[in-house]
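Good morning, and thank you for coming. Please look at the sequence and the model on the screen while I go through a few of its local features.

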Amino acid sequence: MKVSQIVFSPTGGTGRVVEMITKAWGMPVNKIDLSNAETDFSSLRLEKDDIAMIAVPSYGGRVPSLAIQRISDIHGNHIPCVIVCVYGNRAYEDTLIELNDAAEKSGFKVIAAIAAIAEHSIMHQYAAGRPDTKDKSELNSYAKKILDKIYSGPTGFSTPQIPGKRPYKKAGGAGLVPKANKDCTNCGLCAKQCPAQAIGKENLKVADGKKCISCMRCVVQCPQSARKVNGAMVSVAALAIKKACSTRKGNELYI
């Protein structure tokens, strides 16, 4: 038995949460990177004895549209699946239920769901340093409960009650599109790493606002720290969610 990690984690927060959970299982891991625009996800085949973990960040209370598209191309093969959404301490709203629906539509059997906290990918003052030691302890305990359910066999694979509403809330636009400043050396790494292929190799300085999903991967990956978002816009956005983010929120398990 091995774990297939199916993860969309442009800036690494979601990936760290997934590693904390699956490490507690002590199983071999097969990593599937949903942020890789060059992967043919329809060619992937999961084995019957696999356990899948599908994990995404919450973007404005929804699953990133790119992640949904790529999950829909994967053949779930009716294997048990744990879904995970990661958010920056504001709210995840309809992310889990949308991810559940996408996973079930692709042939996975959802047996558990986790909502976890990680440092906000744009406004880093919110959930700074998370997942932290307390989060790791919580996620470890969740992992053990899920493993018990897995080992109980198919007869114990009840469907968890997952929060969220249908129809899902309206998805927001990208809003914050990073641009390169004078420190850019035209190395092209941003274009290569962009999950949405929003940065053209012929003009590396500016991303296509219609394609960009504000995932901030180019900002994190740039070796010169040359890509930035508009500071004034970030300040306005941070102020708008300050009240919602002021209290530390905990992780949640649905099983």
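Ile-255 lies in the segment that follows strand β8, residues 252–254. Helices (H or I, at least four residues) and strands (E, at least two) are DSSP runs, numbered from the N terminus. Before going on, I should state that this is a predicted model, in which local features need pLDDT of at least 70, side-chain atom pairs count only at pLDDT 80 or more, and totals for chains, interfaces and linings use all residues. Residues are numbered from 1 along each chain as its sequence is written, and side-chain values use heavy atoms, with hydrogens and water left out.

Is Ile-255 buried, exposed or partly exposed? Its relative accessible area is 43%, so Ile-255 counts as partly exposed. On this scale buried means under 20% relative accessible area, exposed means over 50%, and partly exposed is in between, with a 1.4 Å probe and protein chains only. Leaving out residues up to four places away in sequence, Ile-255 touches Ile-111, Ala-112, Lys-145, Ile-146, Lys-149 and Pro-160; contact here means heavy atoms within 4.5 Å. From Ile-255 to Phe-157 the separation is 98 residues in sequence, and 9.3 Å in space from C-alpha to C-alpha.

I turn next to Ser-9, in the loop between β1 (3–7) and α1. Ser-9 counts as buried because its relative accessibility is 16%. Which backbone atoms does the side chain of Ser-9 reach? One is the backbone nitrogen of Gly-12, at 3.3 Å. Another is the backbone nitrogen of Thr-14, which lies 3.4 Å from a polar atom of the Ser-9 side chain. Each is a polar contact: a pair of N or O atoms within 3.5 Å where, within protein, one must be able to donate a hydrogen and the other to accept it, and where residues adjacent in sequence count only if both atoms are side-chain atoms. Setting aside neighbours within four places in sequence, Ser-9 is in contact with Thr-14 and Gly-15.

Now to the backbone. Most residues other than glycine have a negative phi, and most peptide bonds are trans. The peptide bond from Arg-130 to Pro-131 is cis, with omega near 5 degrees, and Pro-131 sits in the loop between β5 (109–117) and α4 (133–151). The bond from Arg-166 to Pro-167 is cis, with omega near -5 degrees; Pro-167 belongs to the loop between α4 and β6 (179–180).

Two residues deserve attention for phi. His-78, although not a glycine, has a positive phi of about 65 degrees. It is found in the loop between α2 and β4, and at 64% relative accessibility His-78 counts as exposed. Ala-127 also has a positive phi, near 60 degrees, and is placed in the loop between β5 and α4. With a relative accessible area of 11%, Ala-127 is buried.

What of the cysteines? A disulfide is a pair of cysteine sulfur atoms within 2.5 Å, and by this rule the count comes to zero. Why does Cys-190 form no such bond with Cys-187? The sulfur of Cys-187 is the closest cysteine sulfur to that of Cys-190, but at 6.3 Å it is too far for a bond. Cys-215 is likewise unpaired, because its closest cysteine sulfur, in Cys-194, is 6.0 Å away. Cys-190 is buried at 10% relative accessible area, and Cys-215 is buried at 8%.

I close with the largest pocket, which holds about 1,100 Å³ of space. Of the 45 residues that line this pocket, the closest to its centre are Ser-58, Tyr-59, Gly-60, His-120 and Ile-122. A pocket is found on a 1 Å grid over the protein atoms alone: an open set of points where a 1.4 Å probe fits, with protein on both sides within 12 Å along at least five of seven lines, and lining residues have an atom within 4 Å of a point. Grid points are joined across faces, edges and corners, and the volume is the space filled by probe spheres set on the points.

Which helices and strands supply at least two residues each of this lining? They are α1 (13–23), α2 (65–72), β4 (80–87) and α7 (231–240), and the largest share, three residues, comes from α1.
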